[in-house]
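This report describes how selected strands are arranged and joined. The reader is invited to follow the description alongside the display.

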Amino acid sequence: MDARDTVPIPQPAGWPVVGNLSEIDPELPIRSLCNLAKTYGEIYSLTIFGKKRVVISSQRLLAEVCDEKRFGKIVSAGLAELRAGIHDGLFTAQNNEENWHLAHRVLVPAFGPLNISSMFDDMKDIASQLVLKLARYGPDYKIPATEDFTRLTLDTLALCAMDYRFNSFYTEEQHPFISAMVSFLKHGDARSRRPAYLAPFYRADDAQFHKDIDYMRNLSQEIVDRRLQHPEDKKDLLNAMVNGKDPKTGKKLSTDTIIDNMITFLIAGHETTSGLLSFLFYFLIKNPETYRKAQAEVDQVIGTESIQAHHVNELPYITACLREALRLQPTAPAFTTHALSDTTLGGKYFAGTDVPIVALLPEVQRDPAVYGNDAEEFKPERMLDENFNKLPPGAWKPFGNGARGCIGRPFAWQEAMMVTAMLLQYFDLTQDPSYELAIKSTLTIKPKDYLMQAKLREGWTATKVEQHLSGSVRTDGSGGRQPAAAKPLADGKPLTVLFGSNSGTCEAFAQILATDAAAHGFKAEVRTLDEAKQDLPKDQPVAIITASYEGAPCDNAARFYDWLQSLGESDKVESQYAVFGCGHSDWKATFHKIPNAIDSILESHGAQQLCERGNADAAKGDMMSAFQTWEDEQFWPGVKEAFGGEDAAESSGISQSLDITVTSRRASQLRADVSEAKVVATRSLTAEGVPEKRHIELQLPSEMTYRAGDYLAVLPMNPAESIHRVALRFGLPWDAMLTFSSKNNTVFPTDAPLSAHNLFAAYVELGQPATKRSVNMLVEASKDEDTKKQLQAILSGDFDAQITQKRVSLLGLLERFPTIDLPLGAFVASLISMRVRQYSISSSPLADPHKVTLTYAVLEADPFSGQHKYVGVASNYLSHLQPGDIVHVAVKPSHQAFHPPTDAEKTPVLMFCAGTGLAPFRSFIQERAAQIGAGRELAPAQLYYGCRHPEKDLLYAAELKRWEAMGAVKIYYAFSQAPEQSDGHKHIEDALQANKKHLLDLWDQGARVFVCGSRDLGEEVRKVVLDLAMERAVEKGKESSLEKAEAWFDSVRNERYSTDVFT
């Protein structure tokens, strides 16, 4: 075969000598390979230090490569370095090495079903150690999941394979063998990534590498010698290797080969299974409905029994969950083959015998041709037996392929199934809702910095669990729904405040209510709603404060809501509660959907309302006043009637239970829910005379990843002017230190001083409008009768017009009335805590996975109150950042539907936006430009973009022109102040009407529609779409009506029609 007769394989441009080395992130190479696959498509090649390799990422190509008559496995560079320690063990042997064939034939029977089943008790022994650790540590313990699962899998392998105990759960320090193995893997990986000529500079590392090898082999030799000297009648892997004979040749394995494979089992087996369990529980907890189904299956199949071997094969849904976790995150994310003779791939690409072919499993197993547009989502139902058995060849290969596939798959599967069932049987598991999956890479991949928490289910105690695992006791239930009463709290009657919050508003309200509780004779405990799943307290008031997120529960309320929905008709909830909901009335279909549903479900199952449900509408601007009014006029009177309590009428904001002591030393306190990013570049995008729009580029932390369409949450700081105003008003020195003491819950640190600058810069919102409660506090604090009269006039007049709409803050009122002597503690306690602001990311990781850009409008307006200019906290903060500055950020995934289609070659894209609504579509188009630049042919994309004037506020004009010229997008502009330059189109709905035939044709071809901009823009686009739908129905001879069009629109919303609308 002549390679000249085939199609060239796409390849990035490289550099002399090193080639494409710069394309690969040494910390996480798999991410780089996946990003290149998204750019270049199903096949590309790389050349590094003169060595070429081909990477494939589609099911059809992997199915071809898995033909063992044409292709065979080769040992990659990373594995080749491990041969220094484990030689031609099963994992590192080449296909033509005799020892691989010999060991494989000897060991295959040892991994048969009966032998694996006989290992169940030993597996359960180690799993029980993990279960008991979690039970004894309690619900507040943050479990280092990947580390504990690694202890579990290593100890299980050592016990089942060679009857040796590392006892990892009984010692703080790792066993020396484990330390040596980890070091061996680390140095082996480093050796594989550096050229041989650098070896003299790494003599110390190489010495440690060989020292680790010596320790592992010496200990293994001792274990083998002990078994030879003291034989045991035990069906473990060591006996299989010591006593087994090759059925073909009659040969036995040499001692060196036995040691090679002992170490191989420990390395390969512990890494993959611990990663699988970590990823699995991340996905389960992230998807509450799936978690509930898995736990329900355990309750139904195992019930009150202690798990037995036969149960493992009776859990089809958990089986599907494991398969789906391995589809999305195969812990061994690639394997390497080569052509046995010169051939072609895909009928057109040349595959020579000397070029490795890397199968990139995370991309293969997300192939939209097999798994559809929701391939990125965790959906175990697609992996139930009926669907799993219909998958085409090459669609699911996490255990490798054919004869060189994972020999230990049955062992790993039984262990993972058993551990999953045990943890679900005994615990309700949670994780930080703000955690976004980050990957760390060694020989395999695992979640990075992943922590869980485990709370024993109802009816279980650590003692009962221990007895149950030994088979001596059964519980009275299988983890039923209604728990025992919560433990009473000291220093006041107990009260529980539960919140669901994505942006921080509901959490801030929860903290305010908890702080106010002491004045009413209660001591409050604040928790997320998810923490109260199946644990809603009895015999005490329960306040629930939550919002809806696009009609769905907030991240930290999803499992609680799922639990409520799963309650049967006869299930009772014996709690007394009150609900307060936050929302935005512009989203009529989902306005207060979740708080209303929670209230309705609780009441229908017997829970008693303490008061009427309260609501706050963000569209009206002053949510705080609405909340405090409900709290004062509804909640506390209802609580007092049901539970008693103290009359708080004489209490006021002045007597807040927060005391502050001022000292003069510097300190710094950082928030923990965000990470540090560095500013790389900033620039203005608009001309003088129009509202300013800006661009900022940030260098992300190495572990932070994102997708086109995601958000970046920014923790802002208040403007320096506002901070100075507070210091001036309260007479604080420039280096003032504040020490907090509080009788109630507080967001402020009480264990160390905090600088006044940090407090007022980063911890509290200074610009929020004052509330009626805070004005009442000023009335009480005032000693001047004229001042009191003016404040009372504000309260009795149109408060909304005078304060809320003019955005007059508490600080502004204190400046307006300088005679008021308000204590600093009362002022701070009246403020809400600083919240993150979310911005659409305007870049694609295919351009640079380590950097993001934001495109934002700087909010600045004339003073509504006649005092100080009004500025947006976050946009003002961002606009003052300079290259080199540090900003605290977190990536937040957008709705699953608001991402570019995964099958970009087949699915057209229609984008509608105005102003900074361009941000996510810049990321979409930048991604398409990278793909087209790599040689891919994509389906059409159109952008309808509105702004004022092409010479004033047309954002990224040069980039858009370049991308349009290369075919990444076709752009239709609408210039409201220069329609003559946009084909007469003043607004984008005009451009839509003018191009309606083309739009309808693209829709019929399967186009996805995306809208980003103001509420008004979203409504205008929706109206045009409804009109087009009715017109098309008439064209096709179908009955047309607005009602039918709206029903059709609802059916495609968040599937083919996705919006990101802001106010």
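Two strands are said to pair if DSSP finds at least two bridges between them. The model discussed here is predicted.

**Strand β32 and its partners**

In this model, strand β32 and strand β33 (residues 970–975) pair in the parallel sense over six bridges. Within that pairing, L943 has I971 of β33 as its bridge partner. The route from β32 to β33 leads through helix α32 (residues 957–965), and this β-α-β crossover is right-handed.

Strand β31 (residues 909–914) also runs parallel to β32, to which six bridges join it. Here Q942 of β32 is the bridge partner of L910. Together with helix α31 (residues 919–933), β31 and β32 form a right-handed β-α-β unit.

The surroundings of β32 (residues 941–947) may be considered next. Seven of its seven residues are buried, so the strand is largely enclosed by the rest of the structure. On one side A941, L943, Y945 and C947 are buried, and on the other Q942, Y944 and G946 are buried, so that both faces are covered.

**An open sheet**

An open sheet of six strands follows the order β26-β23-β30-β21-β22-β27, with antiparallel pairing. Strands β26 (837–840) and β27 (851–857) stand at its edges; each has a single partner strand, so one side of each lacks a neighbour in the sheet. On average, neighbouring strands of this sheet are turned by 40 degrees against each other, direction ignored. In the antiparallel pair of β21 (residues 675–684) and β30 (residues 886–892), A677 has V887 of β30 as its bridge partner.

| Strand pair | Sense | Bridges |
|---|---|---|
| β31 and β32 | parallel | six bridges |
| β32 and β33 | parallel | six bridges |
| β21 and β30 | antiparallel | four bridges |

Definitions and conventions. Residues are numbered from 1 along each chain as its sequence is written. This is a predicted model: local features need pLDDT of at least 70, side-chain atom pairs count only at pLDDT 80 or more; totals for chains, interfaces and linings use all residues. Side-chain values use heavy atoms; hydrogens and water are left out. Buried means under 20% relative accessible area, exposed over 50%, partly exposed in between (1.4 Å probe, protein chains only). Helices (H or I, at least four residues) and strands (E, at least two) are DSSP runs, numbered from the N terminus. A crossover is right-handed if, with the strands pointing away from the viewer, the path from the first strand over the helix to the second runs clockwise. Axes are lines fitted to C-alpha atoms, for helices over the stretch in contact, and angles run from 0 to 180 degrees between N-to-C directions.
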